Amino acid sequence: MVIVWIGIGVGILLAIVLIKKAIKTSPKIPLKFSLYCKKCGYRTNGLKCPRCENASSRQSWK
């Protein structure tokens with residue numbers, strides 16, 4: 001019976017921590033992505049940069 005009470009206490013504590021974290025966090029942070037490449041500035045719309053991808057594959061052959 002004591003283990004059940006400990007489990008309930010831990011579960012409630014975990015729920016409180018997660019609720020506080022959800023309230024503090026901005027709703028836009030998990031969906032944040034860059035429209036531009038960080039290296040060259042080319043517009044990629046969140047995908048891999050074709051310029052940097054090709055440049056890195058060319059360097060691996062040398």
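Trainee: How many disulfides does this protein have?

Mentor: Start with the idea: a disulfide is a covalent bond between the sulfur atoms of two cysteines. Now the case here, keeping in mind that we're looking at a predicted model. The count comes to zero disulfides. Take C49: the nearest cysteine sulfur belongs to C40 and is 3.6 Å away, and C49 is in no disulfide.

Trainee: And what about C52, how far is its sulfur from the closest cysteine sulfur?

Mentor: That distance is 3.6 Å, and the partner is C37. The cut-off is 2.5 Å, so the sulfur of C52 is too far away for a bond.

Trainee: Okay. Are C49 and C52 buried or exposed?

Mentor: For this you look at relative accessible area, and under 20% means buried. C49 has 8%, so C49 is buried. C52 has 18%, so C52 counts as buried too.

Trainee: Where does C52 sit, and which residues does C52 touch?

Mentor: C52 is found in helix α2. When you read contacts, skip the neighbours up to four places away in sequence; then C52 touches C37, K39 and C40. You can also compare places in sequence with places in space: C52 and C40 are 12 residues apart along the chain, and their C-alpha atoms are 7.5 Å apart.

Trainee: K39 came up there. Where is K39, and is K39 buried or exposed?

Mentor: K39 has its place in the loop between α1 and α2. With a relative accessible area of 73%, K39 is exposed, because the cut-off for that word is over 50%. K39 also pairs up for another distance check: K39 and R51 are 12 residues apart in sequence, with 9.7 Å from C-alpha to C-alpha.

Trainee: Let's try T44. Is T44 buried or exposed?

Mentor: T44 is buried, at 10% relative accessible area. T44 lies in the loop between α1 and α2, and α2 covers residues 50–61.

Trainee: Which residues is T44 in contact with?

Mentor: Leaving aside neighbours within four places in sequence, T44 is in contact with S34, L35, Y36, C37, C49 and P50. Pick S34 from that list: S34 is 10 residues from T44 along the chain, and their C-alpha atoms are separated by 8.2 Å.

Trainee: Now the helices. How many helices and strands are there?

Mentor: The protein has two helices and zero strands.

Trainee: How do I check the span of α1?

Mentor: Use 1.5 Å a residue. Helix α1 runs over residues 2–24, which is 23 residues, so it should span 33 Å. Its end C-alpha atoms are 33 Å apart, which agrees.

Trainee: How many residues of α1 are buried?

Mentor: Zero among its 23 residues, so α1 is hardly covered. For the protein as a whole, 6% of the 62 residues count as buried.

Trainee: What is on the surface of the protein, then?

Mentor: One thing is a nonpolar patch formed by M1, V4, W5, I8, I12 and I16, with about 650 Å² of accessible area together. Here's a general idea that helps: an α-helix has 3.6 residues a turn, so residues three or four places apart point the same way. Look at W5 in that patch: W5 is found in helix α1, and W5 is exposed, with a relative accessible area of 56%.

Trainee: How much area does the whole protein expose?

Mentor: About 6,200 Å², and carbon and sulfur atoms supply 68% of it.

How values were computed: Residues numbered from 1 in each chain as written. Predicted model: local features only at pLDDT ≥ 70, side-chain atom pairs only at ≥ 80, totals over all residues. Heavy atoms only, no water. Helix = DSSP H or I, 4+ residues; strand = E, 2+ residues; numbered from the N terminus. Expected span 1.5 Å × (residues − 1). Buried < 20%, exposed > 50% of the residue type's maximum accessible area, 1.4 Å probe, protein only. Areas by Shrake-Rupley, 256 points an atom, 1.4 Å probe, with all protein chains shown as cover. Patch = residues over 30% accessible without salt bridge, like charges linked within 9 Å, V, L, I, M, F, W, Y side chains within 5 Å. Salt bridge = Lys/Arg side-chain N within 4 Å of Asp/Glu carboxyl O. Contact = heavy atoms within 4.5 Å.
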